[in-house]
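Me: I've got a structure open and keep tripping over the labels people put on such things. Could you walk me through where they come from?

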Amino acid sequence: MNYRFLLVLIAFAFLSGAGWSQNISTDNAWQKFSGKLRDKSFLAFTQNREEPLKWYDSIPERCLNRAINGEVLQLNAQPGEIFVFQIGVWATKAYVRNLQVRFTNLKSENGTLIPLAKLTCYNAGGVDFKGESLTKEINISAGRVQSLWIGADLENITSGTYKGTIELTSGGQVQMVPLAITVSGDAIANHGYNRGAGLSRLNWLNSRVGVDDEITRGYLPVKKEGNLIRILGRTLFIGETGLPSAINSFFDGSNEQLGSTGEPIVNHSFRFVVEKENGEVVHLKPGELSFGGQTPSAINWKVTNTSSEFNLECSGQMEFDGFVDYHLKLTARTGVKVKDIRLEIPFEKAKAEYMMGLNHEGGSRTPAWKWKWDVSKNQDMLWLGAVNGGMRIKWKAENYRRPLVNIYYEFGPLKMPPSWGNEGKGGVNVDEIGNEVLVNAYSGARKLKAGEVLNYNFELLITPLKLINRNIKYNERYYHGGGPNTSVKISDAQNAGANVINIHHAEDLYPFINYPYLDANVPDLKQLVSNAHQANMRMKFYYTTRELTKNLPEFWAFYSLNGEVIFPGPGNATRTEGLHPKGPNEWLIKNLREKYIPAWFNPVKEGRFKGELDLSVITTPDSRLNNFYVAGLDWMVRNIGIDGVYIDDSALDRFTLRRARKIIDNNRPEGRIDMHSWNHFCNWAGFASCLNLYMDLLPYIDLVWIGEGRNYDRLPDHWLVEVSGIPFGLSGQMLEGGGNPWRGMVYGITTRAGWTPNPPKNLWKFFDEYRFSERNMVGYWEKDCPVECTNQDIKASVYKGSDDVIVSVANWSDKDVMTGLSLKIPDEYTFAVPAIDGFQQKMVLTSLEKLTIPAKKGFLIVVKKK
């Protein structure tokens with residue numbers, strides 16, 4: 001016998017999903033076993049965790065025989081673990097609707113129990129991403145096979161064989177599935193989470209880690225004084241209607257300090273207007289405004305406004321980071337025709353200098369802007385602001401679903417809100433009227449029936465979100481990239497002058513996207529992190545949720561959740577620009593076939609997985625994958641010792657990232673989260689502005705790397721809003737082609753080492769020599785900036801020290817420009833341009849009255865007292 005050939009056949013059978021048994025198609029199974037199954041609308045059978053059921057149209061024949069003959073599959077577990085196994089359900093001839101899964105106590109011979117409370121079916125629900133109970137309906141189309149993943153918590157369960165049943169019911173049919181779990185051996189540590197292959201981590205789907213009312217580091221608890229709510233650097237006054245009547249910012253001009261006097265962002269109350277067909281404005285009389293539910297992180301309020309035609313229930317909640325969530329429920333008390341229903345938000349002109357969103361790229365505000373609802377574009381948000389005070393508004397309704405991002409937007413676009421959108425009649429106008437900039441979100445004419453309800457919900461996010469941390473901005477130097485060989489990362493980072501290392505996926509020790517804790521790689525990654533710490537460096541991992549690799553142990557269990565975790569896209573028919581223009585990879589075509597979107601792929605070229613292929617699929621936003629993500633982060637921080645994460649685009653929501661922030665802060669006080677995004681302002685991504693799209697995540701992020709696909713020849717206003725991070729209380733970094741270091745220094749930002757051809761090592765040395773983290777930045781955008789330029793193509797910002805200043809000046813023209821710099825400082829000074837390799841040559845200046853700035857470049861000028 002050719003034993004080598006036999007081993008190949010066995011391996012092929014196992015890898016193809018059949019394990020040690022032969023699969024049979026459901027069509028053939030019906031032909032073979034229909035005589036025994038005619039009275040059954042479904043057949044259930046047990047299966048172990050080592051052989052996941054993968055396909056909807058075939059079944060291991062051994063499992064069928066066992067179920068038909070009433071045999072019990074012996075399952076073996078260890079004390080202390082979350083033990084998982086499968087129940088396969090075959091809908092033999094009809095649609096199985098609302099399948100119910102009920103457990104009984106499992107009992108050993110000596111009478112000890114695994115109580116039913118310790119058993120769960122992950123397909124039937126658990127805990128949603130906000131920590132609330134979740135129930136899911138299980139439906140199975142005729143002829144299909146559904147895998148149900150069951151978890152048994154064996155913490156404090158003694159050795160023995162535990163027997164019982166699982167009851168499955170649908171319609172009038174009941175099937176009792178016999179069960180026997182033998183618990184033996186040594187107790188397993190940490191519920192089994194330390195070994196991914198055992199699939200105990202499926203229990204992370206129901207994790208509540210980080211779900212509490214505590215605030216995150218650097219913020220202040222919400223404080224209420226009458227109708228005034230105070231948070232870090234901002235106040236909100238709630239008017240009698242429940243809507244804001246005043247919003248103030250206390251941040252200084254460059255968001256490095258807080259002042260004692262606030263500056264108004266809006267100049268009078270928000271107005272919710274119902275205008276009837278004849279032009280009459282409905283007078284809604286406010287009832288009693290009540291506050292409740294205050295915690296350190298949030299406070300809520302509600303009031304009902306009434307008229308003879310309408311009730312308007314207004315409820316709101318403000319959180320410690322500047323997020324305000326409004327729900328406006330408008331109910332028609334009689335049949336009525338309306339000309340318009342709208343929300344008017346009156347900005348102070350001084351706090352509406354810049355604009356981003358609703359098809360307007362970030363930069364100076366256009367005096368008059370008109371926008372209509374069109375969900376072919378990822379646009380439902382508008383930010384207006386100055387650097388030290390502004391607000392993002394997001395309009396939504398009861399049908400809101402977080403859209404997919406990046407090149408996948410078309411597969412999961414926004415849903416038009418029935419209220420604001422009104423079948424395309426609605427829109428937003430932004431108009432400058434004297435010293436006011438009015439945002440008018442209108443919905444247009446409609447006819448309402450008595451009892452009809454419209455939900456005019458919206459969110460506010462008051463900026464800046466926090467103070468800029470100068471230590472992060474100037475003293476933390478990133479090394480990112482540098483190829484797939486991790487063995488040289490620490491030495492390369494040291495040579496580049498960096499002190500924070502990001503480990504990307506597609507590297508030898510981290511080959512598969514968004515699954516850093518693969519069993520085979522954990523020991524090496526743990527050693528790598530330890531080596532970084534010994535070298536006085538911090539190390540962070542690429543870790544986000546937009547896509548998941550097929551190579552993770554839980555992949556087939558996630559796929560069995562029917563779109564909850566893996567987004568149910570067009571499957572084999574999917575075409576995406578850039579990555580899959582001709583369709584998905586062959587493996588996906590053969591194995592998934594339906595209900596997926598192909599995403600990142602990469603042939604692994606280094607390490608023990610050399611020759612493997614990393615294939616990934618797009619995930620569903622706001623699912624229990626968020627719980628898995630947070631629990632996985634918690635595990636990595638505790639077991640690998642990482643110092644944070646690098647997020648590259650994301651399906652994460654703000655609540656989940658807040659949980660992640662708490663985990664990092666509580667375990668790694670100097671831990672960091674940085675975020676990168678490709679330029680979404682294009683047809684592929686629905687013309688979204690990245691920082692607008694992700695703004696509600698920014699309170700929990702330390703710096704932004706919004707540079708891929710950026711044009712660094714854009715004007716300074718675009719740099720300020722969409723690149724620098726400054727208006728939101730963050731530092732930024734440049735990416736595409738290394739950016740423009742001279743223009744970047746006007747905002748105090750550099751690129752990072754390892755990824756681009758111009759590492760900022762020498763600028764970092766300059767930061768150290770002149771102690772930039774101890775200097776106050778005064779940007780060119782501030783009215784009291786102590787330097788003025790005589791040429792409009794030149795911008796200059798100042799870094800103020802105790803006895804000197806550093807002027808950063810840059811040319812936004814593609815030609816050499818002569819300019820004068822006027823310093824508004826009383827003493828006499830000397831001027832010098834010190835040598836910085838790769839940035840500028842040494843020059844001694846006698847004055848700043850005539851200075852030639854090279855095209856697209858600039859200088860750092862040291863100004864000292866004589």
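Reply: Sure, here is how some of the labels on this predicted model are reached.

Me: What makes helix 2 roughly parallel to helix 3?

Reply: The angle does. Helix 2 (residues 26-37) and helix 3 (residues 61-69) pack at about 5°, and their axes are 12 Å apart. Angles under 35 degrees count as roughly parallel, so helix 2 is called roughly parallel to helix 3.

Me: Which residues make that contact?

Reply: From helix 2 you have Ala29, Lys32, Phe33, Lys36 and Leu37, and from helix 3 Glu61, Leu64, Asn65 and Ile68. Sorted by class, the contact of helix 2 with helix 3 has 5 nonpolar, 1 polar and 3 charged residues.

Me: And why is helix 10 called roughly parallel to helix 11?

Reply: Again, look at the angle. The axes of helix 10 (residues 625-639) and helix 11 (residues 654-667) cross at roughly 10° and come within 10 Å. The cut-off is under 35 degrees, so helix 10 counts as roughly parallel to helix 11. Among the helix 10 residues in the contact are Tyr629, Val630 and Leu633, while helix 11 brings residues including Ala660, Ile663 and Ile664. The class split for helix 10 with helix 11 is 7 nonpolar, 4 polar and 3 charged.

Me: There's an open sheet with the order 2-5-12-9. Why do strand 2 and strand 9 stand at the edges?

Reply: That sheet has 4 strands with antiparallel pairing. Strand 2 (42-47) and strand 9 (119-121) each have a single partner strand, so one side of each has no neighbour in the sheet. On average, neighbouring strands there are turned by 25° against each other, direction ignored.

Me: How do you know that strand 2 pairs with strand 5?

Reply: Count the bridges: at least two are needed for a pair, and 6 join strand 2 to strand 5 (residues 82-91), running antiparallel. One example is phenylalanine 42, whose bridge partner in strand 5 is alanine 91. Helix 2 packs on this sheet too, touching strand 2, strand 5 and strand 12 (145-153), with its direction at about 80° to that of strand 5. Helix 3 touches strand 2 and strand 5, and its direction makes about 115° with that of strand 2.

Me: What makes strand 27 and strand 28 a pair?

Reply: The same test applies: at least two bridges are required, and strand 27 (residues 354-357) and strand 28 (residues 360-364) have 3, in the antiparallel sense. Tyrosine 354 has serine 364 in strand 28 as its bridge partner. The two strands form a hairpin with 2 residues between them, and leucine 358 in the turn has a positive phi of about 55°.

Me: How do you know that cysteine 121 is in no disulfide?

Reply: A disulfide needs two cysteine sulfur atoms within 2.5 Å. For cysteine 121, the nearest cysteine sulfur is that of cysteine 63, 17 Å away. The disulfide count comes to 0.

Me: Why are cysteine 121 and cysteine 314 called buried?

Reply: Buried means under 20% relative accessible area. Cysteine 121 has 5%, so it counts as buried. Cysteine 314 has 2%, so that one is buried as well.

Me: What makes strand 39 mostly covered?

Reply: In strand 39 (residues 538-542), 5 of its 5 residues are buried. Strand 38 (residues 500-503) pairs with strand 39 in the parallel sense over 4 bridges, and valine 500 stands opposite arginine 538 in strand 39.

Technical notes. Residues are numbered from 1 along each chain as its sequence is written. This is a predicted model: local features need pLDDT of at least 70, side-chain atom pairs count only at pLDDT 80 or more; totals for chains, interfaces and linings use all residues. Side-chain values use heavy atoms; hydrogens and water are left out. Axes are lines fitted to C-alpha atoms, for helices over the stretch in contact, and angles run from 0 to 180 degrees between N-to-C directions. Angles under 35 degrees count as roughly parallel, over 145 as roughly antiparallel, 65 to 115 as roughly perpendicular and the rest as oblique. Contact means heavy atoms within 4.5 Å. Ala, Val, Leu, Ile, Met, Phe, Trp, Tyr, Cys and Pro count as nonpolar, Asp, Glu, Lys and Arg as charged, and the others, Gly among them, as polar. Buried means under 20% relative accessible area, exposed over 50%, partly exposed in between (1.4 Å probe, protein chains only).
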